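Let's take a walk through this structure together, looking at two loops and then at a pair of helices.

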Amino acid sequence: MSNQLKRYMVIILCGGLLLTGFFAFKAKNDKLFALAKNIDIFATLVRELDSYYVDEIDPDELVSIGINAMLEELDPYTEYVPEEESADFRMLTTGEYAGIGALIGGRGEGNIIIMPYTGFPAQSAGLKIADQLLKVDSVDVSKKNTSEVSDLLKGPANTPVKIKVKRNLDTLEFNLVRKKISLKNVPYYGKLDEKTGYIKLGDFTTNASLEVRNALIALKSQGAEKLVLDLRDNPGGLLSEAVEIVNLFIPKGKEVVKTIGKLENVNFTYKTTKTPLDKDIPLVVLINERSASASEIVAGALQDYDRAVLIGRKSFGKGLVQTTIPLTYNAQMKVTTAKYYIPSGRCIQAIDYAQTRENGEVYSIPDSLRKEFKTKNGRIVRDGAGIEPDEMIESKTYAPITYSLVARNHVFDYATEYFYKHPSIGKPREFSITDQEYQNFIKWLEGKEYDYTTYLEKSVSDMKKNAEKAPYYNEIKDQIEALEKRVNHSKEQDLITYKDEVKKVISEEIVSRYYFQEGMIEAGLLKDKDVLKALELIKQPSQLGKILTASAK
């Protein structure tokens, strides 16, 4: 190649690079100009509205509505957090707040204690489930909504608060001192049998990994040689805690998850950094459709390393990373900055929020676009739909009568009455109301409203509505009405048909009065088909090994 030709090529290359740089610079400047222009338009619009609109407007409320509407166009996890909501946001991310340590909820025209947390001021002072809140200090709260009452109960740690409640026909007063409340990530752990431990992990706030570690150490000291880790209904939380929990079971130096986004500073590979607590203990992990985010990282990483067998139902599919960014005036924004990728290389995100249909619905990732990946042992796993269990268990469905009795608070009220008539009951796992007590419950229901529509009745009702539009309806009217009478349910018969199911729900509610959240979890364990399947499987090492081995096909 001649020197002159080389010079021309260098000139062309440099020119191309300069041109590329120019267009990149121009594109960036154009974007910055568009941002500045639209922000100025928005500010001008709000200012002129405030000046000219016929009624008085609240700028804070109006701007918040505008911001939230804008963020809704992105994904459900990018959120604006104004200064006044910072305390609640901090509680969600850390699990800590200062208050009395009780879950409250609306009931009728007021609020009641739903669950006092063990070891905190409400429980220590003697507040009970179903106590109706009347006053907080000098403020009448009988007509206030739940969030207003909750705000009054919270306050700086070590400050006094006086609470007046109605309990049955009595009015009682309690003097409490607010304490820093750290909600447990592990509300319960125990043994399912002599050799099998069980840990319920409900959240991923600060110290989640430490709580799981301590629970596992305690279970091993009690003779546990196998473990069931329950991540069902766990919405996730801190990524660092998920990595630490995986590290309890896999060796040091192993990749757990990658975060990959638009900016270089959010791209990071998280690896285990410690010697595992037990890298050999047989492990089953329970997941369901409400296991999300950090739960999916733990379950997915353990699946990718063939370290655990997953049982249950497909997880939620939240593979998006949020970062909290401070804004002016102590506001914050939680913004999606990256996606999670677990060791096999798959992303667990199930919905593509970047695409929407014309009607505004978002796209789920179709099966045809889901890619195949392989676990350490060569098992095929797929991306784009959350984490799929190795052993699928159908979700538990309750009969309409059970839903009705719970929704109308009849189970709750009966358990409360039972509690005040019985000073004590047996251990949570052993307790169940007798057949005679169930008959007492049926009698107690007399005169109370708990009607409902069965699935079959709804189907027949829908069919009748459609048939009425047909020109030949009169010809089939008698048959349809006969079918309607045939499927009409009998509440009394349903109480007999679904006796075992209703008894189970009542028994667990009664247990909560004596043993609180921990007892309620324990009471349902050995009647839980997911747990029973896990127990059955973990007793068969050869079957566990077979599931964790790639198919020869």
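Please keep in mind as we go that this is a predicted model.

A good place to begin is the loop that links helix H5 (146-153) to strand E7 (160-167), where you will find asparagine 158. Its backbone is worth a look: asparagine 158 is not a glycine, yet it has a positive phi of about 70°. Is asparagine 158 buried or exposed? Its relative accessibility is 57%, and because exposed means over 50%, asparagine 158 counts as exposed.

Now move to another loop, the one between helix H4 (121-125) and strand E5 (132-136), which holds alanine 130. Here too a residue that is not a glycine has a positive phi, and for alanine 130 the value is about 85°.

From the loops, let's turn to the helices. Find helix H10 (residues 410-421) and helix H15 (residues 499-524): their axes come within 9 Å and cross at roughly 50°. That angle is why H10 is described as oblique to H15. As for handedness, the crossing of H10 and H15 is right-handed.

Which residues make this contact? On the H10 side they are Val411, Phe412, Tyr414, Ala415, Thr416, Tyr418 and Phe419. H15 answers with Val505, Ile506, Glu509, Ile510, Arg513 and Tyr514. Sorted by class, the contact of H10 with H15 has 10 nonpolar residues, along with one polar and two charged ones.

Technical notes. Residues are numbered from 1 along each chain as its sequence is written. This is a predicted model: local features need pLDDT of at least 70, side-chain atom pairs count only at pLDDT 80 or more; totals for chains, interfaces and linings use all residues. Side-chain values use heavy atoms; hydrogens and water are left out. Helices (H or I, at least four residues) and strands (E, at least two) are DSSP runs, numbered from the N terminus. Buried means under 20% relative accessible area, exposed over 50%, partly exposed in between (1.4 Å probe, protein chains only). Axes are lines fitted to C-alpha atoms, for helices over the stretch in contact, and angles run from 0 to 180 degrees between N-to-C directions. Angles under 35 degrees count as roughly parallel, over 145 as roughly antiparallel, 65 to 115 as roughly perpendicular and the rest as oblique. A crossing is left-handed if the near helix is turned anticlockwise from the far one by less than a right angle, and right-handed if clockwise. Contact means heavy atoms within 4.5 Å. Ala, Val, Leu, Ile, Met, Phe, Trp, Tyr, Cys and Pro count as nonpolar, Asp, Glu, Lys and Arg as charged, and the others, Gly among them, as polar.
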